[in-house]
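Dear colleague,

I am passing on to you a structure that you have not yet worked with, and I would be glad if you would look through it with the notes that come after it.

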Amino acid sequence: MSGADLAARWRSARVAPLGLHLDSAACSRPSNATLDAVADHARHEAAAGGYVAAEAAAPVLHAGRAAVAHLVGMDAADVVFTTGSNHALDLLLSSWPQPRSLACLPGEFGPNLAIMAANGFEVRALPVDEIGRVRPDRAEHLLRTDPPALVHLTALASHRGIAQPAARIAELCRAYRVPLVIDAAQALGHLDCAVGADAVYSSSRKWLAGPRGVGVLAIRPELAERLCPRLPPPDWPVARTLRVLDRLAHGEANIAARVGFSVAVGEHLAAGPAAVRARLAEVGRQTHAVLAQVPGWRVVEPPDEPTAITTLEPTAGADPAAVRRTLIERGIVTTAAEPARAPFELRTPVLRLSPHIDTTTAELEQFAAALADVTAALR
């Protein structure tokens, strides 16, 4: 299937957007089938009871976990649902045995850093180049001479569309026996995440276009056996009868949203993950090219970066938050990323575009014209 055919199929499966939706890195647009699955399950709960409906949905939920497992190179039994990426990371780090030290990117997501601190982790920086991409040669030196207890790699950041060399870092971590945890909140459904990491977590609502309030955590059995979940307390007899993944799972949850996510990730597999990745890379290149000439802004990513996240740094004093608000008034949805999003790397606010596979060059040109107009009007 060509990129154009894939884009047309993706768009036809959804309600028409009210304007230009260029914000999939925040919250993408679910398909009609996903929305119907959520509503149908909610109706089943009303008719049969929540627990009866949940039991009936077990095959769908298993299929959802199996689909996620395929995308991260694990088994369905290695995957549990969470309420989102932050929840998944907190579950993992709160269960981590001593010692608690990790290496992560200098541009680590601010909320991730807060969760690391709350769980008592000593954090050190992975070596990166001038655009924030980790340098495997220097990372190897760190792993060889002063290894942390684990490496946490955000494969694709939310404030900068730089694809990290996740497969190479996974290879190095295996060689030096340091567990690798991948934050795939922006990478799942966007980049190849089946790279051999020991744990991968993500959200539903971004590139996979699932409902809000759902996440996943996948952990290989070898790593899971080392964890010590808080609940139930490990000295309780019941704790010894449960798998670690079962202790991390939450039974009281929005099952309807999980069902919707299972449908969404199934749709992604049906479309072809490699084809979706190629189309997102194509859209990213088009975005970089169209926006390179907009006055008052600089495209941060290299022209050939294979991601659809594009960040624009103001060069003439524009306020990204004010620009975003004005664009929304014109029916154009983007994100203004403040330095708190990546407090040790992002120095000034940026405007972020994250178009999905259905975005056209004409729409990007429409956005570029609107951005130039709004920028001039707000001076």
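What follows is an account of the domains, the sheets, the pockets and the cavities.

Please keep in mind throughout that this is a predicted model.

Domains

The domain assignment divides the chain into domain 1, made of 1–29 + 272–376, and domain 2, which covers 30–269. Taken over C-alpha atoms, the centres of domain 1 and domain 2 are 25 Å apart, and the contact between them involves 36 residues from domain 1 and 33 residues from domain 2.

The seven-stranded sheet

One open sheet is built from seven strands, which follow one another in the order β2-β8-β7-β6-β5-β3-β4 with mixed pairing. At its edges stand β2 and β4 (122–125), and each has a single partner strand, so one side of each is left without a neighbour in the sheet. From one strand to the next, the twist averages 20°. At the β2 end, β2 is paired with strand β8 (residues 215–219) in the antiparallel sense, over four bridges, and there Phe81 is found opposite Val216 in β8. Helix α4 packs on this sheet, where it touches β2, β7 (199–203) and β8, and its direction makes about 110° with that of β2.

The four-stranded sheet

A further open sheet has four strands in the order β9-β10-β13-β12, and here the pairing is antiparallel. Its edge strands are β9 (297–299) and β12 (335–337), each of which pairs on one side only, while neighbouring strands are turned against each other by 30° on average, direction ignored. Between β12 and strand β13 (residues 350–353) the antiparallel pairing runs over three bridges, and Ala337 has Val350 in β13 as its bridge partner. Helix α12 (residues 273–291) packs on the sheet and touches β9, β10 (310–314) and β13, with its direction at about 20° to that of β10. Helix α13 (residues 320–329), for its part, lies across β9, β10, β12 and β13, and runs at about 40° to β13.

Pockets

Which residues lie nearest the centre of the largest pocket? They are Leu61, His250, Gly251, Ile255 and Arg258, out of 22 residues that line this pocket, and the space inside the largest pocket comes to about 400 Å³. Two or more residues of its lining come from each of α3 (50–56), α4 (58–72), β2 (79–82), α10 (244–248) and α11 (255–271), so named here that you can find them in the view. By class, the lining of the largest pocket consists of 12 nonpolar, four polar and six charged residues.

The second largest pocket has a volume of about 310 Å³, and among the 20 residues that line it, Phe109, Ala185, Gln186, Arg205 and Lys206 are the closest to its centre. Its lining holds six nonpolar, nine polar and five charged residues. Both domains take part in the second largest pocket, since its lining draws at least three residues from each of domain 1 (1–29 + 272–376) and domain 2 (30–269).

Cavities

How many cavities of 30 Å³ or more does the structure hold? There are two of them, and the largest cavity has a volume of about 110 Å³. Its lining is made up of 14 residues, of which Arg11, His21, Arg29, Asp358 and Thr359 are the closest to its centre. At least two residues of this lining are supplied by each of α1 (3–12) and β1 (20–21), and in the lining as a whole there are four nonpolar, six polar and four charged residues.

The second largest cavity encloses about 70 Å³ of space. Its lining consists of Leu105, Gly107, Ile131, Gly132, Ala157, His159, Arg160, Ile162, Gln164 and Glu345, and these residues divide into four nonpolar, four polar and two charged.

With best wishes

Methods: Residues are numbered from 1 along each chain as its sequence is written. This is a predicted model: local features need pLDDT of at least 70, side-chain atom pairs count only at pLDDT 80 or more; totals for chains, interfaces and linings use all residues. Side-chain values use heavy atoms; hydrogens and water are left out. On a 1 Å grid over the protein atoms alone, a cavity is a set of points where a 1.4 Å probe fits but cannot get out, and a pocket is an open set with protein on both sides within 12 Å along at least five of seven lines; lining residues have an atom within 4 Å of a point. Grid points are joined across faces, edges and corners, and a volume is the space filled by probe spheres set on the points. Ala, Val, Leu, Ile, Met, Phe, Trp, Tyr, Cys and Pro count as nonpolar, Asp, Glu, Lys and Arg as charged, and the others, Gly among them, as polar. Two strands pair if DSSP finds at least two bridges between them. Axes are lines fitted to C-alpha atoms, for helices over the stretch in contact, and angles run from 0 to 180 degrees between N-to-C directions. Contact means heavy atoms within 4.5 Å. Domain bounds come from an automatic or database domain assignment.
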